[in-house]
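Here are my notes on the model you sent over. I've kept them as numbered points so you can follow along with the structure open.

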Amino acid sequence: MKDFIIPWDDRDMGTPAKAGKPVHLTIDGIEVTVPAGTSVMRAAMEAGIKVPKLCATDSVEAFGSCRLCVVEIEGRRGTPASCTTPVHAGMVVHTQSSKVKKIRRGVMELYVSDHPLDCLTCAANGDCELQDMAGMVGLRDVRYTPGDNHFDPSGTGARSQSEARLRMPEGEANPLYMPKDQSNPYFTYDPSKCIVCSRCVRACEEVQGTFALTIEGRGFDSRVSAGAAGDDFLASDCVSCGACVQACPTATLQEKSVAELGTPDREVVTTCAYCGVGCSFKAELNGDQLVRMTPWKHGKANRGHSCVKGRFAYGYAEHPDRILNPMIRDSIDMPWREVSWSEALAFAAGRMQAIREKHGRKSLGVITSSRCTNEETYLVQKLTRAVFMNNNTDTCARVCHSPTGYGLGQTFGTSAGTQDFDSVEQVDVALVIGANPTDGHPVFASRLKKRLRQGAKLIVIDPRRIDMVKSAHIEAAHHLPLTPGTNVAVVTALAHVIATEGLYDEAFIRERCDWDEFQAFVEFVSDKRHAPESTALLTGVNAQELRAAARLYAKGGNAAIYYGLGVTEHSQGSTTVMALANLAMMTGNIGREGVGVNPLRGQNNVQGSCDMGSFPHELPGYRHVKLPEVRKVFEDAWGVTIDPEPGLRIPNMLDAAVEGTFKGLYCQGEDILQSDPDTRHVAAGLAAMECVIVHDLFLNETANYAHVFLPGSSFLEKNGTFTNAERRINRVRKVMAPKNGYEDWEVTQMLANAMGAGWAYTHPEQIMAEIAATTPSFANVTYDLLDEKGSVQWPCNGEHPEGTPLMHVDGFVRGKGRFIVTEYVATAERSGPRFPLLLTTGRILSQYNVGAQTRRTANSVWHEQDMLEIHPHDAENRGLKNGDWVKLASRSGETTLVATITDRVSPGVVYTTFHHPDTQANVVTTDYSDWATNCPEYKVTAVQVSPSNGPSDWQEDYAAQAERSRRILPAAE
Amino acid sequence: MRHSKPTADEIQALIDGQMHLEGPLLPILHALQEAYDHVPEAALGMIAETLNLTKAEVHGVMSFYHDFRKAPAGRHVVKICRAEACQSMGANALSDAVLEKLGIGWGGTTSDGLVTVEAVYCLGLCACAPAAMVDDRLIARADAARLEKALEGAA
């Protein structure tokens with residue numbers, strides 16, 4: 001079994017790859033052919049020749065400042081820099097002439113004259129390009145020391161910082177010495193080691209698109225500066241994505257973990273377990289100690305980029321809160337008792353079997369997790385279908401992207417985004433609706449911002465002025481700040497403009513869709529009541545702006561829709577998804593690069609958990625459980641009879657629990673108490689059950705109501721696959737042994753076997769083989785293929801042996817694209833005199849979902865509590881100041897939190913995040929939900945905000961109850 | 001015109017006055033420097049906001065040019081050339097004498113706020129070195145007496 005793979009060619013090629021016609025040239029006597037536009041430096045690398053370099057790296061465009069990569073070219077005067085010189089047919093290049101070698105040595109000598117010589121004690125020792133280059137050019141002496149420098153705090157001409165400390169004179173010191181900036185929790189900036197190559201500044205601009213860094217001053221004084229004078233990294237605009245640290249050739253920008261633990265000596269390529277972008281990372285280790293996570297440049301979702309979560313926030317796996325031993329208790333008012341695995345499993349199996357005997361097989365169920373692997377999810381749904389003998393399986397995707405599944409399934413025929421992330425490089429117009437990519441999907445946001453800086457246009461439909469609307473070097477062409485809950489009206493109005501102004505693509509519709517159906521659709525949307533002028537009062541969106549946005553989307557070239565939970569988490573979530581699909585179809589923006597309808601998935605494996613049959617009505621591959629031919633496939637494979645009746649959804653399970661017919665739940669890697677709406681109702685449902693088995697890393701909020709706690713393994717401790725938002729199946733590789741003893745799939749298998757299932761998987765690869773054998777869209781997926789290709793996008797089968805980057809290229813999966821009439825129906829949740837404001841919820845960059853992971857990392861530096869954003873007008877009416885405690889009350893409940901006053905939100909709208917259990921924002925949200933899928937309406941709640949002195953009664957009661965239910969008795973010897 | 005405390009509206013008006021230009025950042029910095037004898041710190045964020053840049057970028061550009069000041073200079077600015085030709089013709093002795101007499105260091109301003117002395121690297125008067133500049137007036141074959149006279153003349 002291959003747990004580890006040798007990474008692909010990870011050499012730094014010096015400058016980015018180009019796509020042009022082949023050009024032949026000769027470098028050091030070796031003939032090489034590269035695409036036109038390629039630099040001489042990269043061409044040399046292709047030929048296996050390394051030209052010394054410092055300011056060049058292949059993640060950013062060539063800059064030509066370090067003068068180390070000079071070469072001689074026959075027929076040209078001087079010594080041009082190879083990084084900025086493009087290749088030319090017939091060029092003859094010499095990279096090692098005595099002339100360039102002499103220049104390089106002289107240049108290196110100058111660099112080193114203002115650089116400490118403490119290599120042996122430097123954090124980058126062995127991982128420093130300056131060190132490598134000094135060796136490569138043969139630097140043997142530095143004639144300039146001592147002199148002015150930035151590294152010697154003593155001012156005595158010491159050549160290393162340790163030597164300087166020894167010689168440190170009383171009172172006097174080097175006025176030019178610059179101390180380290182340690183303000184960022186994850187990396188340090190040591191200006192004394194900076195060679196001013198600008199790689200960090202360029203990475204911040206070109207790769208991340210934040211522009212937080214600059215070079216301040218000039219000449220000898222010039223240094224990297226985060227923000228303006230007086231700012232440090234933490235105070236600046238820096239979002240801690242790590243691109244600068246990745247680009248830095250020296251120890252100037254250095255991970256604190258490397259300084260502490262030493263340079264890593266082994267690497268395993270794996271997949272990030274945070275958002276749905278699914279970035280590929282190299283886990284770099286010493287033995288089984290993780291030293292750092294670095295973005296893998298061959299990762300097809302992230303292309304070598306990362307965000308603060310994946311790059312740095314992995315420390316939760318070692319947090320003291322993590323539970324490593326199984327625990328049980330007879331009732332939830334008792335303290336936990338640590339027991340052996342066998343005792344815990346016997347206890348759990350015994351209870352579940354007793355419930356089944358007493359209350360029938362339908363009284364049990366499971367909840368799968370969008371954070372666990374495909375293989376684990378597959379086993380959990382198999383547990384309920386093949387062992388509990390019912391279809392009571394649901395997943396947290398219920399509360400996020402279930403409307404995507406329904407909406408895209410109805411219109412296009414498959415429940416998935418249509419594009420890969422690379423497609424964004426061809427986008428001319430991006431329509432971002434109900435998504436906040438810079439916070440929720442930062443690596444995708446960076447790729448989109450890069451495209452916007454190249455000239456693509458952006459339309460943002462969001463109640464808040466999110467960062468995509470306007471931030472450095474980007475600005476949306478149109479921002480439609482709609483009233484929460486009016487998505488359908490706005491998108492239908494866009495369709496109205498496209499239809500009535502004749503902006504649709506008739507040829508595409510005639511070929512790919514049903515023309516008659518389209519006629520009916522046109523008749524519907526052309527009605528005056530859908531005109532932007534008619535809906536403006538309702539939606540709050542300026543009609544002219546909406547018309548302009550519609551024209552841009554329809555006629556601006558390749559137009560792509562990117563959407564998030566602001567679309568789905570509504571009572572009309574599915575309708576909005578279908579309305580967006582209508583827009584794409586009527587303008588022909590489907591089936592090629594740069595277009596499409598793209599859900600941005602919240603969690604790492606939302607796509608995968610849906611694919612794996614987590615829903616109560618669907619077996620793996622989105623096939624309805626009522627179909628006998630589908631059931632037969634699994635009945636043959638599993639040797640059981642599958643219930644043809646769909647099972648219970650999460651809200652139905654909770655209702656049934658309150659009614660007394662649902663009694664036992666196995667909940668893997670999911671905190672329904674914190675993440676699901678109407679917390680009180682969830683709590684009542686859980687409290688009514690007789691056996692709640694929570695399988696998680698931490699005693700989460702749901703575990704307060706659990707009888708069995710099975711400790712989980714982190715993504716670093718298991719094998720499997722995650723499927724990201726672009727249907728890309730990425731390998732998750734075990735880099736260390738599970739601290740809890742078992743990978744999560746093993747735990748599920750042990751529970752199943754304790755109930756007599758007799759499963760015998762020895763590696764997740766076998767589970768994937770079973771998935772491939774039973775699920776047509778995964779037919780060709782094997783771990784060998786994933787190791788070979790890095791990743792594949794489903795469908796991956798006989799028809800698409802290497803996967804499918806773009807969907808619906810020549811025809812829709814369902815045949816003809818289907819236009820569906822999207823009538824706006826206002827949500828029953830309305831603001832009124834008692835609750836005059838509309839609350840909408842979202843995420844922030846540094847925290848993730850319910851915060852179970854990120855709250856247990858240094859990311860809390862950026863966001864230690866949930867804040868309520870409120871418009872200055874509404875704040876003034878209520879006498880609120882920035883930082884005041886406020887009470888947030890709805891028809892469901894109330895909570896308190898701290899207000900932040902901002903015009904990012906419109907008057908009448910307030911906004912908060914749901915990362916912190918103390919706040920329990922979902923105490924306030926209601927149990928209204930999507931008409932088709934029950935996806936809860938998190939994004940609209942009528943609320944009132946008023947001044948408050950501190951936590952509400954509910955918060956205090958809850959905190960006390962949580963404290964009580966987390967007591968753990970010491971293990972019996 | 002010199003204001004001790006420019007208001008946000010005044011700064012914004014100066015910024016907006018340059019917005020019709022292509023690449024207005026340097027003209028904006030010049031306009032502010034001209035108006036207030038320095039670029040007020042409060043202006044950086046406003047420039048960044050108006051041009052859709054970050055404060056870091058504005059800071060990078062401004063700090064590259066020493067003549068964009070963070071605080072107003074003295075009433076008169078004396079620049080003494082320290083480039084090779086002037087050094088060989090006695091510029092160091094000249095600057096030592098001037099700085100000692102005024103009791104300040106390079107870049108310093110006298111306590112009465114009258115004079116700021118700065119280094120400059122080549123005024124293009126190498127043939128008549130050492131060279132200096134008092135406010136906008138170039139002085140060739142500079143010595144302490146000529147500088148003093150020029151300062152008196154400027155007052």
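1. A quick bit of vocabulary before anything else: two residues are in contact when their C-beta atoms, placed from the backbone, lie within 7 Å. Also keep in mind that what you're looking at is a predicted model.

2. Let's begin with A:C119. Leaving out neighbours within four places in sequence, A:C119 has contacts with A:N125 and A:Q131. You'll find A:C119 in the loop between α2 (98-113) and α3 (129-137) of chain A. Is A:C119 buried or exposed? Neither, quite: A:C119 counts as partly exposed because 16 C-beta neighbours sit inside 10 Å, and buried would take 20 or more, exposed 12 or fewer. For a longer-range reference, A:P185 is 66 residues apart from A:C119 along the chain, and 24 Å separate their C-alpha atoms.

3. Two UniProt annotations on chain A are worth marking up, both from an unreviewed entry. UniProt gives residues 99-138 of chain A as "domain: 4Fe-4S His(Cys)3-ligated-type". In the model that span is 60% helix and 0% strand, with its end C-alpha atoms 14 Å apart. The other feature, "domain: 4Fe-4S Mo/W bis-MGD-type", is put by UniProt at residues 265-321 of chain A. Here the make-up is 9% helix and 35% strand, and the end C-alpha atoms lie 29 Å apart.

4. On to the domains of chain A. The assignment splits chain A into domain 1 (22-137), domain 2 (161-318), domain 3 (327-394 + 606-793), domain 4 (402-594) and domain 5 (837-965). Take domain 4 and domain 5 of chain A: their centres, taken over C-alpha atoms, are 28 Å apart. How many residues does the contact take from each? Domain 4 of chain A puts in 24 residues and domain 5 of chain A puts in 23 residues. On the domain 4 side, the elements giving two or more residues are α11 (402-411), α12 (437-440), α19 (565-568) and α20 (573-586) of chain A. That side of domain 4 divides into 6 nonpolar, 14 polar and 4 charged residues.

5. There's a sheet in chain A to look at as well. This open sheet has 3 strands in the order β28-β29-β30 of chain A, paired antiparallel. Why do β28 and β30 of chain A stand at the edges? β28 (720-723) and β30 (791-793) of chain A each have a single partner strand, so one side of each is left without a neighbour in the sheet. On average, neighbouring strands of this sheet are turned by 30 degrees against each other, direction ignored. β28(A) pairs with strand β29 (residues 728-732) of chain A over 4 bridges; in β29(A), A:R731 is the bridge partner of A:T721.

6. Now chain B. Chain B has 7 helices and 4 strands, running α-α-α-α-β-α-α-β-β-β-α along the sequence. Its C-alpha trace spans about 50 × 30 × 25 Å along the principal axes. Of its 155 residues, 30% count as buried. The domain assignment gives chain B domain 1 (8-64) and domain 2 (76-154), and their C-alpha centres lie 30 Å apart.

7. Finally, where the chains meet. In all, 11 residues of chain B are in contact with 19 residues of chain A. Which helix of chain B gives the largest share of its side? Helix α4 (residues 55-64) of chain B does, with 7 residues. The chain B side that touches chain A divides into 4 nonpolar, 5 polar and 2 charged residues.

Methods:
Residues numbered from 1 in each chain as written. Chains lettered and ligands numbered in written order. Predicted model: local features only at pLDDT ≥ 70, side-chain atom pairs only at ≥ 80, totals over all residues. Domains from an automatic or database assignment. UniProt positions renumbered as here; feature names shortened; annotations may be inferred. Nonpolar A, V, L, I, M, F, W, Y, C, P; charged D, E, K, R; others polar. Pairing = 2+ DSSP bridges. Axes fitted to C-alpha atoms, helices over the stretch in contact; angles between N-to-C directions.
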